[in-house]
Amino acid sequence: MKKVYLGVDVGSVSTNIVVMDSNKNILDNLYIRTKGKPIEALKIGLRQTRNKLDKDTKVLGLGTTGSGRHLASTMLGADIVKNEITAHGVAALNTVPDVNTIIEIGGQDSKIILLRDGIVYDFAMNTVCAAGTGSFLDRQAERLGIPIQEFGNLALKSKSQVRIAGRCAVFAESDMIHKQQLGHNQEDIINGLCEAMARNYLNNLGKGKDIKPPVIFQGGVAANIGIKKAFERLLGHEIIVPRFAGVMGAIGSCLLAREEVRKTGKTKFLGLDIADSNFNVKSFECENCSNMCEVVKFYRDEKLAARWGDKCGRWSNVQIAKDDEKLA
Amino acid sequence: MKITFPHMGNTYIALKVVFEELGVEVIVPPKCNKNTLELGTLYSPELMCIPFKITVGNYLESIKKGADTMFMWGGRDVCRIGYYNTLQRDILENLGHDIKMLCVKPMKSIREIEHFLEKLNFVSGTKNYLKILKSFIQGLKTLCRIDEFDDLVIKIRAREINKGEVDRLYSNFKRDINNGKGYRRTMEIIGQYKKKLLNLEIDNNKEVLRVGIVGEIYTVLEPFINHYLIERLGNMGVEVHRSVTSSEFIREQLDFIPFIKSNKHDIHRASEPYLDTEIGGHARHTVGNTVIYSEKNFDGVIHLLPFTCMPEIVAQSILTVIEKEKDIPILKLVLDEMTGETGYLTRIEAFLDLLISRREKKSYEKSISWS
């Protein structure tokens, strides 16, 4: 019988699931697009994972992370729910134990995490602007008619420099169009865009931060070799892109779940067959006070499983099981 | 005359007391909510800070409830807020509301206090200055008692054994305060709830993280704007200390009177190596209090500021240096009209993880150096 841990990262753009054995070996990883429907994406992901695993596999624990971590935890029953910054830190430390800097660029946010002596020591996240994140690259690739997978390799073919303004996604796009109309090569423009993204990242998140090697580059955008090279040029040292760069958040939550289950001795995971359950969400506006919170009611197989979204806790803190008894 | 004022955390309780004692009809605006925000952003200049917008929303909601006189802070030397009352009066008048705007200025001398009392005289219509002075002092006392009470709530929330008890008690407290009238009743309620609070079961040996909150006063005090940060941190088992409160704000102005004491001079001393003059807002306090927190061995500091707040932006860039020199982690949160909380929660959770691992490392290093 195989014993595994599952890590789930529900992000804005992608939902990732990782299967890890007790010796921290990654057995399987899955990367699917969330497409704004996290519940659906998770169900599809979990079914695919189940189909790939042997029948007698036992799931010892599950951890969730990403912006949809609480939703995922309610759906699946997680042993640990951790924010993506900590999860990324844990995963990077497991890959390169003496890592000092993590560059993480995901679908809708980018982060810098500084570590010293094996602990997270400082971090920053992009604030109000989406320039320099995966979604922006996605959009530009689509506009140019190039599959995002080839974006990086095309950048490497560039022979001359074209400067693109990277501070704002809107300005960057008009700058790109302008450079196209001037007749510049597509490769050069793509390379310019990669440089703009890296420059913007370092000016924005890296400002005032001591970026020491070893530097790890992870998150979905790390698959883009053009940006990796741009970072190497700007920072002047080598950048490590781990083998599972795109699913590091999920790996981190796997590792955290493993630790947690070792402490508690049992898992809260509801089982792989939960993928066949029906999940429903209803919401209403609470009229108890002027806050008018939008409260979400979450149903698993027509049974109320959780409520959240209120500020005062009158809905979310109430024990659901007790409620059910009362109704019965 | 029906008087109203904008919200800023629990400050309304003291204002309510002052006007009730003067016998004026008071209209407390509904607690800040989505509708307040929507109204405020609709009628405010786009690049204004969020306190301005929420305040406009408060007025409009109060006008709907019948208010005709607005009470607002102003004057020079604070920040842009000095002229907010004028601009807000124009906005409300352009919307066709026939209102009166009463502006109070900082009270740093006897003369300025006199000005304030004259305004209260106008509001109440009484010539009895003794009564006016009395209600003014009662207001100040209420302000101090409320802040003391809130500090106690913060301490107990972090250590409560039965989760949610403090929050339930607090929401009952708010309900009773809103139903009560006048100084004596308000003080009674505070006293009652203080007793109840002290009777709650707490874990005195619990190791809690200690986090100081610095920044612009409105974002620190108004829970709707800071996403209920202080309650949330408390429920995560963190003991929070607010460096700016409305009672301290008033005390700092009145401390030329012999028996009133404030922390102003300590704060100025602490901020001196980095910023030795007033640049408006609470910038000097932000810098000074961060230094004080590091001296008091707090685990970390959270800096709150509204988007486009100039004084706090200056303070923010100074904090980067303090963070290194004093070796204290600082989380900066810029607040605006975003009501999606996930981003803030992620940052806060990660920050607490960071503080915990730093603390563990420190105690590990200590144990090594002992052996």
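These questions and answers cover the fold of two chains and a few of their helices and residues.

User: What kind of model is this, and how are residues numbered?
Analyst: This is a predicted model, in which local features need pLDDT of at least 70, side-chain atom pairs count only at pLDDT 80 or more, and totals for chains, interfaces and linings use all residues. Side-chain values use heavy atoms, without hydrogens and water, chains are lettered from A and ligands numbered from 1 in the order written, and residues are numbered along each chain as its sequence is written, from 1.

User: How many helices and strands does chain A have?
Analyst: Helices (H or I, at least four residues) and strands (E, at least two) are DSSP runs, numbered from the N terminus. On that basis chain A has ten helices and 13 strands.

User: Why does chain A count as compact as a globular protein of its length, and what is its radius of gyration?
Analyst: The radius of gyration is taken over C-alpha atoms, and the globule rule is 2.2 Å times the number of residues to the power 0.38. For 328 residues the rule gives 20 Å. The value for chain A is close to that, so chain A is as compact as a globular protein of that length; its radius of gyration is 22 Å.

User: What share of the residues in chain B is buried?
Analyst: Buried means under 20% relative accessible area, exposed over 50%, and partly exposed in between (1.4 Å probe, protein chains only). Chain B has 371 residues. The buried share is 57%.

User: In chain B, what share of contacts between residues at least 6 apart joins residues at least 24 apart?
Analyst: Contact means heavy atoms within 4.5 Å. Counting pairs at least 6 apart in sequence, those at least 24 apart make up 71%.

User: Which residues of helix α8 of chain A are buried?
Analyst: The helix covers residues 225-235. Its buried residues pack against β6, α4, α5, α7, β9 and β10 of chain A. They are Gly226(A), Ile227(A), Lys228(A), Ala230(A), Phe231(A) and Glu232(A).

User: Which residue has a side-chain oxygen reaching the backbone nitrogen of Gly226(A)?
Analyst: The approach is at the start of α8(A). It comes to within 2.9 Å, inside the polar-contact limit (a pair of N or O atoms within 3.5 Å; within protein, one able to donate a hydrogen and the other to accept it, with residues adjacent in sequence counting only if both atoms are side-chain atoms). The residue is Asn224(A).

User: Is Lys228(A) buried or exposed?
Analyst: Lys228(A) sits in helix α8 of chain A. Beyond four places in sequence, Lys228(A) touches Phe217(A), Ile239(A) and Val241(A). Its relative accessible area is 16%, so Lys228(A) is buried.

User: Why is helix α1 of chain B described as largely enclosed, and how many of its residues are buried?
Analyst: The helix spans residues 11-21. Its buried residues include Tyr12(B), Lys16(B), Phe19(B) and Glu20(B). It is largely enclosed by the rest of the structure because the buried count, out of eleven, is ten.

User: Which residue takes a positive phi just after α1(B)?
Analyst: The phi is about 80 degrees. The residue is Gly23(B).

User: What is the relative accessible area of Ser253(A)?
Analyst: Ser253(A) lies in helix α9 (residues 248-264) of chain A. Setting aside neighbours within four places, its contacts include Gly7(A), Thr64(A), Ile80(A) and Ala87(A). Ser253(A) is buried, with a value of 1%.
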